[in-house]
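Student: Please pick one part of this model and take me through it closely. I'd like to know how it is put together and what sits around it.

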Amino acid sequence: MRIDIVTLFPEMFEGFLTGSLLGDAREAGILDVRPRNLRDFATGRHRQVDDRPFGGGPGMLLMPGPVVACVEAVQSDPSAAAPGRVILLTPGGRPLDQALVEELAAEPRLVLVCGRYEGFDARIRETLGAEEISIGDYVLSGGEPAAMVVIDAVARLVPGVLGDERSARDDSFSGAERLVEGPQYTRPREFRGLEVPEVLTSGDHRRIARWRREQAAEATRRRGSDAEPRGATSQPDTRQTERSMP
Ligand code: SAM
């Protein structure tokens, strides 16, 4: 799989791309990840990539010229098989979830474009036929951490990246039901008075599988009832009230 990153800060990716799973996958030739410096496509004497928004307002926007030129240069690289799915990282984009991660992992190539300042001129998306992805309902100062999140989540689904493919299959949000993982335990069997559940040391694999399934379903239910609906206005926390009642 090939992933190109368009960024004003390619150096932010150095440690990220050399460490751990990603470093190994790149060395093994399973993943080819290439940061590309947007500044190389800046124009004018001041190597400008941003300008003030029409209509006024604070901050600066990335200008369409340099971003589009950079993405087009990246896409026309003859060493890549496909032009790639172009993704702008934006707070208002499609929320990243495991289903979307699976979809992206099936692509031969992604081009991730990291915003900065107040974001992108709207014509960038239109010109490139790009989509937008958000990693959550909060605002970062740049798209680079968001691109790293996308790359990390996608890479572990690329065949050969994880040592044991079962890890990804059994992970939270995977499979048809998209359950979260239940509690897990390692040694010691007893820690500060807390025992590992007996079933896990029973050696009875069917019982263990059933227990894990039940725990996952329970953890998923609990998470669902704890989660605030998207965009909910703040409600009084009734759980606190219930707990403090006699
Ligand atoms: N003015 C923009 C808005 O209100 O939507 C925020 C711009 S933000 C300060 C700068 C850049 O960080 C964005 O262009 C985007 O690339 C990135 N970014 C910030 N939050 C993000 C998120 N939740 N998901 C993905 N990218 C994000």
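**The sheet and its surroundings**

Tutor: Let's start with the layout: the centres of domain 1 and domain 2, taken over C-alpha atoms, are 39 Å apart. Domain 1 covers residues 2–155 of the protein chain and domain 2 covers 179–226, with bounds from an automatic or database domain assignment. Bear in mind that this is a predicted model, where local features need pLDDT of at least 70 and side-chain atom pairs count only at pLDDT 80 or more, while totals for chains, interfaces and linings use all residues. Residues are numbered from 1 along each chain as its sequence is written, and side-chain values use heavy atoms, with hydrogens and water left out.

Now the sheet itself. It's an open one, built from five parallel-paired strands in the order β2-β1-β6-β5-β7 (strands are DSSP E runs of at least two residues, helices H or I runs of at least four, numbered from the N terminus; pairing takes at least two DSSP bridges). The edges are β2 (32–37) and β7 (131–134); each has a single partner strand, so one side of each is left without a neighbour in the sheet. On average, neighbouring strands are turned by 35° against each other, direction ignored. Zoom in on β1 (residues 2–7) and β6 (residues 109–114) and you'll find five bridges in the parallel sense, with I5 standing opposite L112 in β6.

Two helices lie across these strands. Helix α4 (residues 98–105) crosses β5 (85–95), β6 and β7, at about 170° to β5. Helix α6 (residues 144–155) lies across β1, β2, β5 and β6, running at about 160° to β6. (Axes are lines fitted to C-alpha atoms, for helices over the stretch in contact; angles run from 0 to 180 degrees between N-to-C directions.)

Follow the chain on from β6 and you reach R116, in the loop before α5 (122–128). R116 is buried, at 15% relative accessible area (buried is under 20%, exposed over 50%, partly exposed in between; 1.4 Å probe, protein chains only). Its side chain makes a polar contact of 2.9 Å with the side chain of E144 (N or O atoms within 3.5 Å; within protein, one able to donate a hydrogen and the other to accept it, with sequence-adjacent residues counted only if both atoms are side-chain atoms). Beyond four places in sequence, R116 also has contacts (heavy atoms within 4.5 Å) that include L8, F9, M12 and L62.

Finally, the ligand: 19 residues surround it, and L89, G115, E118, Y138 and L140 come nearest (near is a heavy atom within 4 Å). A polar backbone atom of L89 is 2.6 Å from a ligand oxygen atom. Backbone N or O atoms of E118 and L140 lie 3.0 Å and 2.9 Å, respectively, from a nitrogen atom of the ligand.
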